[in-house]
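Trainee: I have a model to go through, and I want the reasoning behind each label. Can we take it step by step?

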Amino acid sequence: MIRVENLGKRYGERAAVRNLSFSVAKGEVIGFLGPNGAGKSTTLRMITGFITPTTGTISVDGIDALEHPVEARRRIGYMPEAVPLYPEMRVNEYLRYRAELKAVPRAQMKKSIDAALEKAKVTDVQTRIIGQLSKGYKQRVGLADALVADPKILILDEPTAGLDPNQIREVRDLIRALAGEKTVLLSTHILPEVEAACGRVLILHQGKLVAEGPTDQIRKTLHGSASTILVMSGRGVRAAFEDAVRGVEGVRRVLDAIDMEAGIVRLRLETEPNAEVGARVFSAVAKAGLALHELRSDAVSLEDVFAELTTADAAASDAPPASPTPPATTDTSEVAS
């Protein structure tokens, strides 16, 4: 549904996006990840026709989005990170206005608005003035806007920003329910949400694609079966725990160390896949006179992968992205912001 080839965007001497190629197939839910400034929002705005690329091509549902931007945008439902709403309008008035802009047929207007209200969980505030709503409700009105024309493709930029945990779960369940029915490109910083809702991820850093594929495939590409993660916690000073484990045979590095409440320290270690490493770590901690509360193995997380790929060293590499997969297409209904 979406195919992007050799896409680039420059602002003067600065390259925001560099030689980016990927595809999204019909019915896929794709996580679009990257640190701040990686080029995610710029890429989404190019796909949705709000800014013009410097180089490259974009195809949306088989339509050249640069040659026919209006036709391409009609197939996309876009929710930008900063949702542009009219605060003086009521929710149902705003959605009717947006539906008219998107050329929803009059005979289908009420049904389309009611469906969008229901899916975005804003039916209970449909007669409220938007400016009086909480940030979370405003986010969900933006989601209803993206859904109101029943587009083939949804492009969601930080859709759960400002939502409470229950609302985040509802949005995640909605995105899961749309899998197969719609093509979804989801940009977010909440990595567990990506793992829960997305079948595949694209990771950008400094405008370049550094990895793409299912999360488990990316983990194997980076760590394979050659690494194990050990999680340990205990009472004491963080530096003392780090010093105790760094010299242990089979411990490759400390992935992270966190001071928890009440003097408890939690560390995650990357180790060789050797059953003896855990015993050596236990002995080293005991020898250092530290109190160990927990020691267990764990899987490599998407957060580990993200951190490893979005360092300056990873971005500087000209190697192809990890776990590449073939490009795809997306669909959208015209959005005026």
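What follows is a short exchange on confidence, helix packing and a salt bridge.

Mentor: Start with the source. This is a predicted model. The mean pLDDT of the protein is 84, and 87% of its residues reach 70 or more.

Trainee: Where is confidence lowest, and where is it highest?

Mentor: The lowest mean, 44, falls in helix 12 (residues 312-316). Helix 3 has the highest, at 96.

Trainee: Which stretches stay under 50?

Mentor: Residues 312-320 do, with ten contacts beyond four places in sequence. Residues 323-337 do too, and there the model has 88 such contacts.

Trainee: What makes helix 3 oblique to helix 4?

Mentor: Take the angle. Helix 3 (residues 91-101) and helix 4 (residues 106-119) pack at about 130°, with axes 10 Å apart. Roughly perpendicular ends at 115 degrees, and roughly antiparallel needs over 145. The angle of about 130° fits neither class, so helix 3 is oblique to helix 4. The crossing is right-handed.

Trainee: Which residues make that contact?

Mentor: Helix 3 brings Val91, Leu95, Arg96, Ala99 and Glu100. Helix 4 brings Arg106, Met109, Ile113 and Leu117. By class, six are nonpolar, none is polar and three are charged.

Trainee: Why are helix 5 and helix 6 called roughly parallel?

Mentor: Their axes cross at roughly 10° and come within 11 Å. The cut-off for roughly parallel is under 35 degrees. Roughly 10° is under that cut-off, so helix 5 and helix 6 are roughly parallel to each other. This crossing is left-handed.

Trainee: What meets what between helix 5 and helix 6?

Mentor: Gly136, Arg140, Leu143 and Leu147 of helix 5 meet Gln167, Glu170, Val171, Leu174 and Leu178 of helix 6. The classes are five nonpolar, two polar and two charged residues. Gly136 goes with the polar ones, because Gly counts as polar here.

Trainee: How do you know that Asp145 and Lys102 form a salt bridge?

Mentor: Check the distance. The N to O value is 2.8 Å. The limit is 4 Å, from a side-chain nitrogen of Lys or Arg to a carboxyl oxygen of Asp or Glu. The pair is within the limit, so Asp145 and Lys102 qualify.

Trainee: Which parts of the chain does this pair link?

Mentor: Distant ones. Asp145 sits in helix 5 (residues 135-147), and Lys102 in the loop between helix 3 and helix 4. The two are 43 residues apart.

Trainee: How many salt bridges does the whole structure have?

Mentor: A search of the whole structure finds 21.

Notes:
Residues numbered from 1 in each chain as written. Predicted model: local features only at pLDDT ≥ 70, side-chain atom pairs only at ≥ 80, totals over all residues. Heavy atoms only, no water. Axes fitted to C-alpha atoms, helices over the stretch in contact; angles between N-to-C directions. Helix = DSSP H or I, 4+ residues; strand = E, 2+ residues; numbered from the N terminus. Parallel < 35°, antiparallel > 145°, perpendicular 65-115°, else oblique. Left-handed = near helix turned anticlockwise from the far one by under 90°. Contact = heavy atoms within 4.5 Å. pLDDT = per-residue confidence, 0-100.
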